[in-house]
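Visitor: I'd like a close look at a single part of this structure. Could you pick one strand and walk me through what sits around it?

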Amino acid sequence: MAVQLQTVRTPAEEAILARLAEGGRRHTQTREKAVARLRANGLPNRRVEAWHYTDLRTLMRDAPPPFEAFTDDLVAEAMSQSAALSLKDAAHVLFVNGRFVRHAGALEVVDADTGDQAAAAGDAYGDDGAVALHRAFAGRTTTLRVPPSHRSIVHLDFRELGTDAFSTFPHLVIEVVEGADVLVLETHRGPNDVSYQTHALIEFHVASSAKVEHVRVNEAGNKALSLSTLGVDLAARAAFQSFSLSSGANVARHQIFLRSLGEHAKIGLAGATLARGRQHADTTLVVDHTAPRCESREFYRYIVDDMATGVFQGKIVVAPNAQKTDGGMKSQTILLSDTAAMNNKPELEIFADDVVCGHGATCGSLNENQLFYAHARGIPPVEAEALLLEAFAGEAIDRVGDEQIREQLMDKVRDWLAQRVKS
Amino acid sequence: MLEIRNLHAEIDGKKILNGLTLTVKDGEVAAIMGPNGSGKSTLSYVVAGRSDYTVTAGEVFLNGENILELPPHERAARGLFLAFQYPVEIPGVTTHVFLRTALNAQRKARGEAELKTAEFMKLMRAAADKLSVTQEMLRRPLNVGFSGGEKKRLEILQMTLLAPKFGILDETDSGLDIDALRVVSDGVNDLRAPDRGFLVITHYQRLLDHIKPDTVHIMAQGRIIKTGGPELALELEKNGYRDFVADAA
């Protein structure tokens, strides 16, 4: 006799399953699989290894309804507000409450009902709980094609608006053709004091010798739950760099599933996370080297204050044939209070024998010697701390190639630190 | 003027300074020499205000004001400067940004107007040229990857810019080759002024050939055991500390 363990469903799980039972969504193989997963496993929780430190059964109190009330007024209101970051000469692609609204600039954009995209992508991350949740509800797919000509600059500008709780499920596929060169800025901004939830899935297919620089800024509102998945496939000699600045949302998880499929791909992932209050901020990476002679570098910095929690999980996988892989991962944290917490989980899974891979994780308070040195030069304690923290985050931001973006990211760090002084 | 009276200090319950008394007048350069473990560096840290040392008795006056109750940055703003034996590396903070932040913080504390970037750069360039500190060094993170000589030159550059009323040089000669020693010493000598005193802490007579002291103090077991003129340093160099320390015990 088979024994089934029945866990009590949380209100969020109940709401999700009830909504799925309503139907009305297009049936695709991918969605059926995702729905089956959700029915069987519920929300990802601490019993699932990859979600051990970000237990959605506790952190996701409710599952507000998908946003449907799109009106011209809503779009007009969104357009009257400012983006989290501005970028000159960018093809501006605007999403309001998860839905593609318009784009300006030379770029091919197709927005359509979801087909079976994931099956085509090989579905490398279909088992993930957040991806399943996204696929169960995602309605449309926006596809961007980056031309091979000159360097393209794209701003994916996500804005959330509203006063009542809602959920969004945007899905983007970005196809970067052979030899193309693109800078993609992805910004998220939304209202404070609204318990909205964003479930985003952005997939990059990067063809051989193409070059991508991706910068993500998450300034979701203070009650928001932000789940974000970045899926990346890299062909031979492709270069992919991604930086993420996370300071928004009450609960945030940004996960990157990256695969190098051809030789000599070059990967650089970096990020700075600033968390305070009771924020929970998670970055989870899986860098899967499936082809030989690829290089990957991960560099993450966290500043965690008050009663906030940071999570960094980084897994480097090297397949048996991926010889000559060169991988290095670093995660460093400064805790600013006794009640702040950081969970670091670096992992290496190496099945090839001729590789160079390493990881390092540190966690501590501000360096007393550095502080005293600054004090002895006449710099008051508050200013000295800000100087050191700005420098600490700045070393991650230095990994961003575009100067215009780098400066704005530094301004955001300074703003965050200035708020710390005020409170 | 720096006046230290009967200073007692300890760290982790261990007594390091045992009733140290010392006066350095305006315009005077005083040298402190002493064997390893005599408390020389502790003295510099305690005067600068490092919090891991506990002062159990005594007073330190800078130009008549007892500074022991002041936090380190306020001591600096009142004109105290410590050139570190081991200057601290601060990754991510550009050297010139650090210097400007320090100078403007002190100016602000004294109620003076902060310097604009252009004014500061002019001041910094002039000082840097004298000390053979290159513009490239000033653009690098503070002390990161600097050689021993570069770090010490940068300490003196900071002292030049901050123009303190009193400078303490903690083994500034350690890690310096002969050429660097000369550059650093010239930098210090340039700053000698009738209204500015110096306390030069060193192991060796060598530095005092370049920075000529007015007085020489020998320190052992946390206090001054003998005071004399420059000839005292020469005597030490010849005979070592042993006789002095034995006499004092």
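**A strand and its partners**

Guide: Let's start with strand β15 of chain A, residues 280-289, which runs parallel to strand β17 (residues 309-318) of chain A, the two being joined by ten bridges. Keep in mind that this is a predicted model. To pin that pairing to a spot you can click on, go to A:Val286: its bridge partner in β17(A) is A:Lys315.

β15(A) also pairs with strand β13 of chain A, residues 251-260, again in the parallel sense and over ten bridges. Here the spot to look at is A:Leu285 in β15(A), which has A:Ile256 standing opposite. So much for the partners; now for the cover. β15(A) is mostly covered, with eight of its ten residues buried.

While you have chain A open, there's a helix pair worth a look as well. Two packed helices are described by the angle between their axes and the distance between the axes. For helix α1 (residues 11-22) and helix α2 (residues 29-41) of chain A, the axes come within 11 Å and cross at roughly 140°. The crossing of α1(A) and α2(A) is left-handed. On the α1(A) side, the contact is made by A:Ile16, A:Leu17, A:Leu20 and A:Ala21, while α2(A) brings A:Val35, A:Leu38 and A:Arg39. Sort the residues of that contact by type and you get six nonpolar, no polar and one charged.

Methods. Residues numbered from 1 in each chain as written. Chains lettered and ligands numbered in written order. Predicted model: local features only at pLDDT ≥ 70, side-chain atom pairs only at ≥ 80, totals over all residues. Heavy atoms only, no water. Axes fitted to C-alpha atoms, helices over the stretch in contact; angles between N-to-C directions. Helix = DSSP H or I, 4+ residues; strand = E, 2+ residues; numbered from the N terminus. Left-handed = near helix turned anticlockwise from the far one by under 90°. Contact = heavy atoms within 4.5 Å. Nonpolar A, V, L, I, M, F, W, Y, C, P; charged D, E, K, R; others polar. Buried < 20%, exposed > 50% of the residue type's maximum accessible area, 1.4 Å probe, protein only. Pairing = 2+ DSSP bridges.
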